Number of protein chains: 4
Amino acid sequence: MTVTPHLFIPGPTNVPDKVRMAMNLPMEDMRSGEFPKLTLPVFEDLKKVFKMKDGRVFIFPSSGTGAWESAIENTLAPGDKVLMSRFGQFSLLWVDMAERLGLKVELCDEEWGTGVPLEKYADILAKDKNHEIKAVFATHNETATGVTSDIAGVRKALDAAKHPALLFVDSVSGAGSLDMRMGEWGVDCCVSGSQKGFMLPTGLGILAVSQKALDAQKQAGRMNRCFLAWEDHIKTNDLGYFPYTPATQLIRGLRTSLDLIFEEGLENIFARHTRLANGVRAAVDAWGLKLCAKDKKWHSDTVSAIYVPEGIDANNVLKTAYYRYNTSLGTGLNKLNGKVFRIGHLGALDEFMVGGVLFAVEMTLKDCGVNIKLGSGTGAAAE
Amino acid sequence: MTVTPHLFIPGPTNVPDKVRMAMNLPMEDMRSGEFPKLTLPVFEDLKKVFKMKDGRVFIFPSSGTGAWESAIENTLAPGDKVLMSRFGQFSLLWVDMAERLGLKVELCDEEWGTGVPLEKYADILAKDKNHEIKAVFATHNETATGVTSDIAGVRKALDAAKHPALLFVDSVSGAGSLDMRMGEWGVDCCVSGSQKGFMLPTGLGILAVSQKALDAQKQAGRMNRCFLAWEDHIKTNDLGYFPYTPATQLIRGLRTSLDLIFEEGLENIFARHTRLANGVRAAVDAWGLKLCAKDKKWHSDTVSAIYVPEGIDANNVLKTAYYRYNTSLGTGLNKLNGKVFRIGHLGALDEFMVGGVLFAVEMTLKDCGVNIKLGSGTGAAAE
Amino acid sequence: MTVTPHLFIPGPTNVPDKVRMAMNLPMEDMRSGEFPKLTLPVFEDLKKVFKMKDGRVFIFPSSGTGAWESAIENTLAPGDKVLMSRFGQFSLLWVDMAERLGLKVELCDEEWGTGVPLEKYADILAKDKNHEIKAVFATHNETATGVTSDIAGVRKALDAAKHPALLFVDSVSGAGSLDMRMGEWGVDCCVSGSQKGFMLPTGLGILAVSQKALDAQKQAGRMNRCFLAWEDHIKTNDLGYFPYTPATQLIRGLRTSLDLIFEEGLENIFARHTRLANGVRAAVDAWGLKLCAKDKKWHSDTVSAIYVPEGIDANNVLKTAYYRYNTSLGTGLNKLNGKVFRIGHLGALDEFMVGGVLFAVEMTLKDCGVNIKLGSGTGAAAE
Amino acid sequence: MTVTPHLFIPGPTNVPDKVRMAMNLPMEDMRSGEFPKLTLPVFEDLKKVFKMKDGRVFIFPSSGTGAWESAIENTLAPGDKVLMSRFGQFSLLWVDMAERLGLKVELCDEEWGTGVPLEKYADILAKDKNHEIKAVFATHNETATGVTSDIAGVRKALDAAKHPALLFVDSVSGAGSLDMRMGEWGVDCCVSGSQKGFMLPTGLGILAVSQKALDAQKQAGRMNRCFLAWEDHIKTNDLGYFPYTPATQLIRGLRTSLDLIFEEGLENIFARHTRLANGVRAAVDAWGLKLCAKDKKWHSDTVSAIYVPEGIDANNVLKTAYYRYNTSLGTGLNKLNGKVFRIGHLGALDEFMVGGVLFAVEMTLKDCGVNIKLGSGTGAAAE
């Protein structure tokens, strides 16, 4: 294929050319006196992206899944009770992890297409007078359904109940693209990865933790751990080093990525994501299709999961887009398989690219038998 | 800027990722025993792109302009009479070069938006009983106006007059994207460059010459020359080497580029260019705008020059596209400046990219005060 | 700095240009129909590098440390007894991990500069009639001291005792550079990473496991785990996919790396490492310095740890090499800090590079007050 | 081959990683409003490298040979008399070009291994009372023999004769590595290229010209020209543009290259070249071999041409170095073929690399039957 397939999955996202160039480098000595000149400012700058007021950020050579695991095993003990909700493939997997790591999950099973159930959370927390719940989990952006939840609302529920539980947020497909105010919202562990809003290849698990989480980690009885243990990282990170060989190439890329993020400005980035997502949603509307997200308040600005009409196979849409129009869309996961396709609209993205993908999707849908007027989606988006 | 501006000028064109990767290499010894293993097949494969039946291809570290000059100075003598036509900025520059190099130009000055005047050529050649005209020049694809001329028709005019003049063709923005049958059409010098259909950075002048041109070069009295002299290249090229340091990085890129070209297939590439160009023209039509090309027969499948309506400044369109929509369009050259903008649609291009550029142009035009219906162009193109 | 520092740490090693070029690519859809065409052959080819007769290879987005942890937590239960030996910083860290993950370690504490104590292992295993020892650990190549241990010897000890324990080998700085015959030697878990013999950036934990290890994993009571759990990978790897986003860029690089490995041939690679290591050792000898490895049988062909003379600070040697001669050497770890420096001689390496590093070290040592004859080391190595 | 051959030809030289990274970029619009922000400072910075007091620098998409031709055809008329000297392959080729372009060459044919004959030049100029000589040519650094000539001395000869001729200098393998004081020495045309001291791939002809040369260009009767004509470049360069598509990728690389040059400092670069060249020469001496340069005053700090002993075939040395030791040395050109091999020691080079190449050459020479003591060369160099 002469043209590389256009990538509109909700991660890995498109790597900006400047980041790609910055990663095209030879290996370096991660124990040299020069290395901390790279790493220390990166640690500091990451705090700004998460809008932290205290705590620190860990960078693991892993994926977001590793950062999930690190958050749990460093702060909780086997058998601890936690409050979670499930409304899509990624919140589902997080629950699965929590259970496999030995936690007792108080689970809110929600309709896919909705998000964190604030009222239920408030009720449960209010009733938990003995504070048996040690941590509350919230998926900031459910990538499978294109649903964004209200993290400030979760904080309110905790505060209303005067509940001391830790607040864990999965913002893998949010951080860097959606506003994440760890300090203001009292988030204790915010899980992210390199391959979404940070516009890098997969390979870094990025975990931002509050001072409260760091304190929790020091208590006895936490889970067994080593690879993703915070204590080893704290000791070495403070000097700009790592307890084992870090992924230097990606950290160099992250440096450039952060430069691009601050050059554009976080608030401008959030506004751009909203603007482009509105364009995509206008097209979906113009096509007469429906989003998986049940309500406007759940709309995600980083990914849209779109139902195909009855009788159409979403997997055929995906294949047609890929093989005929050279465009990678996101697949429907788990019970949404065959029913939805997803358009990732996060990271390094602009109007042109949104126009391109809507154009490609429009033709794909028509080819697959969906009755749409060509130009309706792109036209609506352009408005 | 996080996203690199989208490039829709009619050259340099977008470099495919595989070519970019192939050029990301260290320097090499251009006198090593391994080097001819790269160069000899490249020379052979270039012949296939030009559909030559004899002759050879030169690769100069230059641009297309250098290849123009090389064609002239190796085969003609100062004072020689040549037949040329002028109907756009690039045919104009070629005439200028011919005159500056001391040729006597019999010039057909045509309306911009038309191409090589076959009837006039036929008349002039028929009248030139003494064969004073030593070479006939034809611009295959006039990049400034988006006009493709009929090279087979020029050959017919020559044959009808039984005229022995050499046939020179500028196919800088044609070769690799439009059909070029040097053998069948009796083209003696076909000028091209790396940065258009060959999908490479600027830096290689590619000059394909017939046996008849090689014979002409051997005659006494040709122009003074050295840098672009064929004789030095012939001597060394036959062994896989060059008379001075070649641009090894670009030749490595050309190897990959040729691989991509043959993988897709020349005829498939031509068909793709036609299909995508039809999409662009459908959009122009839907917008109610006019092409610079006066007639369907002149339509270029590699670039469209589009008139803006009266009262609109085409340069404002260009700036808006660039600064607001991150998209590089081609400027109006010479007397078309301010009146037209151009969309390059050649090289590594697919439906997605055409959709993206039409989407960006649509919004740009609206912003600039052109009264168009958003979605009309992309919709028409998608059909 | 115009010239990138020359890298002679024992990992990350130098990335070959072809691998670097292969990784300079855009992101791709790890759920596309094309992706398994990359991954399935990579899984198969890795088996050849480890000379496996059964089992499979896991590729985690992690470092070697992650692969260590994966090996333990998938096959052992908390409280299981294991036999380990400690004779350098990396075997020390492995023991530390085993203890933190809840294993009961029967430890052989050996002099640094020696390796796995075969006789002691044999004795202990013979005495373990009840087979309380569930796994025997052996560090194939101790990177801190430049010591290679005899894995075939460990197998013999197990066989002599008819002991069913699993055999775990850390070959992070061995695999791909030193012979690793998992099938013949009955290795059950062989831990490796991308950044040594595989000549890639850090970021992949590569874990090769036998069928026996896979069987062990299926037993009840294994440790809690999720991120590095085999079961999720097995399910998806068989189809060419991963349970979460894989590090596609590195896997593309690994493809090229494996191509280079098979092009040169494993046995040729091992022979090259021996030849170049002999050169380094000849230089050390000519300089009148001593290796950390106590005996010829412990000599590592991938890294040499070299004692500086009394009164010389090895850290000063490292700094001088880096800042004056643009050369990164390996630091002395733990109790060897200040006493040794290390030369990594593994991966993409040839005579020229060994000559360069010996030349740089020679001048460095002289600058640091070591009394050596310039040219003695390079001369000895050249012989 | 896993390790890319080590490159020690006198150009193309090794491209620094930062330059390579900077060139790994997509194509850009060379007519955009942003482009002059790149080009205008590059033009200015080049003047500093050439230490000009007036005039300007042209950047052609060509090689050094193109810049040679441009210098001649823009300032001289066919039939003009020029003073040249010939003492190696490149000065020979320059004479050849001058003659082919129609100049009348007053030639000093010197022994290869010597340089510009200052006394003869002084004599000839003194005798040329009518100032028939329009230009004096001097090869600053003869790459074929490793001879540097005294350009200040040529200026003295001109001044002593009060001769108004233009002074042309070929500094292709000098500029950026050897001191070039165009202003102080009154050099009118200084020819260079991208692939030597500028540490870039081949593809840019860099021509620095004084105001006097610019004035000469304006006179009537200069040679026919177009591709390399200054007038077109002047008109567009002043605005940051070019008369035809420039090699944007290389100009981006040149930006980074210039940054590296100024970061190190020109005088530091010259000193480094001298220091490293002294190392190479010490090794040649220790091996008992002879340089092609007849006298210390001719020693080039950028390249050494080294005679092999009688009975040894230099081409065998080259092949052995390349195929057995993965090292590219420079071949003996023209009548030196088979008798010398060359080591390029210019551009991005440090001690390590010199150590590496001497190590490789030492082993190569021994393999080829030259009786040398291994370690003697590297030892001498290290001193």
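In this predicted model, 44 residues of chain A are in contact with 45 residues of chain C, two residues being in contact if their C-beta atoms, placed from the backbone, lie within 7 Å. On the side of chain A that touches chain C, the elements that give two or more residues are α3 (64-75), α4 (89-100) and α10 (248-264) of chain A. Helices here are DSSP runs of H or I with at least four residues, strands are runs of E with at least two, and both are numbered from the N terminus. By class, this side of chain A comprises 19 nonpolar, 20 polar and five charged residues. Ala, Val, Leu, Ile, Met, Phe, Trp, Tyr, Cys and Pro count as nonpolar, Asp, Glu, Lys and Arg as charged, and the others, Gly among them, as polar.

Residues are numbered from 1 along each chain as its sequence is written, and chains are lettered from A and ligands numbered from 1 in the order in which they are written. Local features need pLDDT of at least 70 and side-chain atom pairs count only at pLDDT 80 or more, whereas totals for chains, interfaces and linings use all residues.

A turn of 180 degrees with a shift of 0.0 Å along the axis lays chain A on chain C with an RMSD of 0.0 Å; the copies are superposed by least squares on the C-alpha atoms of residues with pLDDT of at least 70 in both. That is the relation of a two-fold axis. The same surface serves both copies, as 100% of the contact residues of chain A recur in chain C. Of the residues of chain A, S62(A) comes closest to the rotation axis, its C-alpha being at 2.3 Å.

Chain C also touches chain D, in a contact that takes 32 residues from chain C and 33 residues from chain D. On the chain C side, α10 (248-264), α13 (351-367) and α14 (376-382) each supply at least two residues. The most comes from α13(C), with nine residues. This side of chain C divides into 14 nonpolar, 12 polar and six charged residues.

Within chain A there are 14 helices and 14 strands. The radius of gyration of chain A, taken over C-alpha atoms, is 21 Å, close to the 21 Å that the globule rule gives for 383 residues, so chain A is as compact as a globular protein of that length; the rule is 2.2 Å times the number of residues to the power 0.38. Its C-alpha trace spans about 60 × 55 × 35 Å along the principal axes.
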